[in-house]
Amino acid sequence: MIRLEGVSHSFGDQPVLVDVDLELGERRIAVIGANGSGKSTLARLLNGLVLPTRGRVTVDGLDTRRDGAAVRRRVGFVFTDPDAQIVMPTVGEDVAFSLRRRKDLSPVDRARMVEDTLQRFGLTGLSDRPAHLLSGGQKQLLALAAVMVTEPAVLVCDEPTTLLDLRNTGRIAAMLDALAQQVVLVTHQLDLVLGYQRVLVVDEGRVVFDGPGGEAVEHYQRLMRASGEPPVGAS
Ligand SMILES: Nc1ncnc2c1ncn2[C@@H]1O[C@H](COP(=O)(O)OP(=O)(O)O)[C@@H](O)[C@H]1O
Ligand SMILES: [Mg+2]
């Protein structure tokens, strides 16, 4: 269970999140909202990439401020741009790099886990391929694989399909759907969240709606119409 208690965050004197209280226990949670509304800040608070200016964030009782390393082992994070996440020259090395702290693994076990994970995320046979030569969709699959190989309990994805075409968006969405883990998905692709049981709408640093996907999308679209901006991803 992820808990935000009285969480506010400011960059300098600009408030970016204000008084957020949340208990995030559902298996699938999405976050939608306009550009600059505070979605990425909210997502980053969940694994301690951002620490709250006020209040606290805990994951299974671990405080992101005090127990940052333990929280990050529990909560994996996928960024919008996979190039920000891929660190090693080849596909296989990049996934193996995620296991560098697993001193309990023999080289054979490690290689097997890397191979299994590449297969699971549709990257079979690409282990020796230079990561920078992958397509955009393959890169995001690699970023996802390199996080999932560590078996986090929760996966937070910050607009993981924003840079992808429709086909690759569909592939990533299907991969996320299939995960056993808890997933918190920030997205502008409203069709992805329609079936979600719980969707948070963020507006100007506040969670202004918290409920089922269909209603959340309607709320967001009303909000955008009221402010005169066409909602991204709406047809
Ligand atoms: N590192 C930062 N330093 C200063 N301001 C930031 C930083 N990150 C985000 N902001 C500002 O905080 C607000 C919310 O940003 P963000 O959480 O990225 O929103 P979203 O993901 O919804 O677009 C924006 O006004 C943005 O300019
Ligand atoms: Mg963002």
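Here are legends for five close-up views of this predicted model.

**View 1. The open sheet and its six strands.** Running across the sheet, the strands come in the order S6-S7-S8-S3-S9-S10, and their pairing is mixed. What stands at the edges? That would be strand S6 (75-78) and strand S10 (206-211), each with a single partner strand, so one side of each has no neighbour in the sheet. Going from one strand to the next, the twist averages 20 degrees.

**View 2. Strand S3 alongside strand S9, with helix H8 packed on the sheet.** Zooming in on this pair, strand S3 (residues 28-33) and strand S9 (residues 198-203) run parallel and are joined by 5 bridges. Look for isoleucine 29, which sits opposite arginine 198 in S9. Helix H8 (residues 213-226) packs on the sheet here, touching S3, S9 and S10. The direction of H8 makes about 15 degrees with that of S9.

**View 3. Helix H5 lying across S6 and S7.** This one shows another part of the sheet, with helix H5 (residues 136-148) lying across S6 and strand S7 (154-158). H5 runs at about 170 degrees to S6. As for S6 itself, this strand is an edge strand with a single partner.

**View 4. Two non-glycine residues with positive phi, aspartate 60 and glutamate 159.** Start with aspartate 60, in the loop between strand S4 (54-59) and strand S5 (62-63). Its phi is positive, about 50 degrees, even though the residue is not a glycine. Aspartate 60 has a relative accessibility of 42%, so it counts as partly exposed. Then move to glutamate 159, in the loop between S7 and helix H6 (166-178). Here too phi is positive, near 50 degrees, in a residue other than glycine. Is glutamate 159 buried or exposed? With a relative accessible area of 11%, glutamate 159 is buried, since the cut-off for buried is under 20%.

**View 5. The largest pocket and its lining.** The space in this pocket comes to about 810 Å³. Of the 22 residues lining the pocket, those closest to its centre are Arg72, Ser98, Arg100, Arg101 and Thr150. Which elements each supply at least two residues of the lining? They are helix H2 (68-74), S6, helix H3 (91-97) and H5. Sorted by class, the lining has 11 nonpolar, 5 polar and 6 charged residues. H5 and S6 will be familiar from View 3, where the helix lies across the strand.

Key:
Residues numbered from 1 in each chain as written. Chains lettered and ligands numbered in written order. Predicted model: local features only at pLDDT ≥ 70, side-chain atom pairs only at ≥ 80, totals over all residues. Heavy atoms only, no water. Pairing = 2+ DSSP bridges. Helix = DSSP H or I, 4+ residues; strand = E, 2+ residues; numbered from the N terminus. Axes fitted to C-alpha atoms, helices over the stretch in contact; angles between N-to-C directions. Contact = heavy atoms within 4.5 Å. Buried < 20%, exposed > 50% of the residue type's maximum accessible area, 1.4 Å probe, protein only. 1 Å grid on protein atoms, 1.4 Å probe; cavity = no way out; pocket = protein on both sides within 12 Å on 5 of 7 lines; lining within 4 Å. Points joined across faces, edges and corners; volume = space filled by probe spheres on them. Nonpolar A, V, L, I, M, F, W, Y, C, P; charged D, E, K, R; others polar.
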